Amino acid sequence: MKRRSLILITVDCLRADHVGLQGYARPITPFLDSLSRNSAVVSNAIVAGAPTYFSFPAIMASRYSLTLGREAIGIAPGEPTIATVLKGSGYATAAFLAGNPYLSARYGYDQGFDEFQDFLASAVSGVKTFPPQTGSRMSGLNRRFEAISRHTKLTSLLYDELYFRYCQRKSAAENLTLDQLRRYPAADLLIDKASSWLTGVQEQPFFLWIHLMDPHHPYYPPKEALESLGITSVSARRARYLNSYWNRGDIGPNRLRQHKEEVVALYDAGIHWVDKQLARLASILQELQRWDETVFVVTADHGEEFLEREERYHSPTGLPEPLIHVPLLIRAPGSSSAKISSSPFSMIHLAPTLLEAVGTQDPVSFQGRSCWKEISVGQLPAAPVITECADGSNGTQQVEDRTKPRLLAVRDGDLKLVIRFSNQSDSLYDLKNDPEERSPLPVDACKRDRVRLLQIAREHLRRSTSRRDPALAVRARVREIRRALDLGPLTATAQEDHAVETARHG
Amino acid sequence: MSNQYRTVQLPEELCRDAEAWLKGRFESLESLIGFLLQEVIKDEGSKLDMLEEEIVQQRLKDLGYI
């Protein structure tokens, strides 16, 4: 019997509630919606961490990111992943990733791949930012104006408004197209590359991982995607204005909301483009006569916020549903009807589940377990799931940015307990009656449930320590140290330590 | 750290290669090795893990569970 191949599509920032198969009203995912009629759909998939750097160790290596310690991120050198397991089983392997710096060889994601293209060299557009000039006479004058304006709230607001308008006028004069403004390669380019690779694979089973960034901000979808959705009013210039406006830090949520619908339309158009390109990939697989032997998986590393709790983008300052709830569709050969599981599913189980779907055993290092048997028949049992991150760890370049207290959420049924260790607080939400997590339940309400979820959190923390593989943790640290020594400045702490050592020996 | 030192033995060839590499980066082989060991044994994450487990444990106590 021919061995099954595996295609894993991960879409950055794709929220579960923005695909039709999860009930989204705007028809932006016709291909995925149609595919879901012959697929296993997990409607309550929850990432093991967010954003990308706290999510992907679970997706690829079935490990909570923080289990390796907060000093290291990514996949540790020598750590088993879906790719290394399948490569070891004789699969041809390739990854085409649309320029997310956290999914690069630098963080170990190239392990197990025969072909690995992260498109980092092409991931930055030639867009100028304003003000570009520093040190000029105008710049000096501007800084003086700004300093003066900060004396009162009113003049400060006035300065910010005028400055924003000035920057918009300057940038509008550039007249760039959406293609020029886009920061990451669009899905069509990735699918082209993947198709070329697939053509050369011959009869061998394969594992293909494609990571798409189209819904990631700044939101610059291809013009064709906007037109296909009937959105003709948004020009490239308008899209640039909307992205700049959405990115403003000087205005509050109420003013930002004025343009929310237009921004969401741009985001949706990015998803629509992904859908169109996935349809094209499926056609190519059919032409190559590989479709009927391939497990085709579509999911995301995290979602995106659009002011539901006054936040934008996907910063790890909270673990709300729009950020942690992602779509998960698994189309296996031979499936002829929809199998829908609505129980919460932790993405920690994805890697072993996919390995079983293609008939391969998972390694003992995986923290999750295969749920393929249950998912393939649409009968995933209810079980609590955990998601976590280092609270507010936005920049991960420096170790100090990552050694922050945990933010952890336990989801069980309609209840969600969020524990914020930085201020030692825990908030319990009833998602059925409060889906936007606006009003935590009173401390004395649902006490037994709170205790139960706290016990689950405690067990998770214990396992996080006991399951740490010190050898892998050290290898990951050594990789970071090598990078710091060869490619960039040492961290402040390392420089201080070095200075101390030098003084002692010098 | 104390001012007590320990002598460790390393292959001569490895030390020569490291000394050639460290020029402009570290003052001496000792400072390079000291830096590397300090960086590798850093484990703030484990300390935080234990602290966080204690916080949950305390919360369970406060709720009368323990």
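This tour goes through a predicted model, starting with the sheet of chain A and ending at the contact with chain B.

**The sheet.** Select the strands of chain A. Eight of them make an open sheet with mixed pairing, and the order across it is β5-β4-β6-β1-β7-β11-β2-β12. Now pick out residues 115–117 (β5) and 339–341 (β12) of chain A: these strands are the edges, and because each has a single partner strand, one side of each has no neighbour in the sheet. From one strand to the next, the twist averages 10°.

**One strand pair.** Select residues 294–300 and 328–331 of chain A. These are β7 and β11, which pair in the antiparallel sense over four bridges. To see one residue pair here, show A:V297 and A:I330; A:I330, in β11(A), is the bridge partner of A:V297.

**Helices across the sheet.** Add residues 187–199 of chain A, helix α7. This helix lies across β4 (92–97), β5 and β6 (206–212) of chain A, and its direction is at about 170° to β6(A). Then add residues 350–357 of chain A, helix α13. Under this helix are β1 (5–11), β7 and β11 of chain A, and α13 runs at about 165° to β7(A).

**The contact between chains.** Show both chains. Chain B brings 28 residues to the contact and chain A brings 32. On chain B, select α2 (29–41) and α3 (44–62), the elements that give two or more residues to the side touching chain A. Which element provides the largest share of that side? It is α3(B), with 13 residues. Colour the side of chain B that touches chain A by residue class: ten residues are nonpolar, seven polar and eleven charged.

Note on methods: Residues are numbered from 1 along each chain as its sequence is written. Chains are lettered from A and ligands numbered from 1 in the order in which they are written. This is a predicted model: local features need pLDDT of at least 70, side-chain atom pairs count only at pLDDT 80 or more; totals for chains, interfaces and linings use all residues. Two strands pair if DSSP finds at least two bridges between them. Axes are lines fitted to C-alpha atoms, for helices over the stretch in contact, and angles run from 0 to 180 degrees between N-to-C directions. Two residues are in contact if their C-beta atoms, placed from the backbone, lie within 7 Å. Ala, Val, Leu, Ile, Met, Phe, Trp, Tyr, Cys and Pro count as nonpolar, Asp, Glu, Lys and Arg as charged, and the others, Gly among them, as polar.
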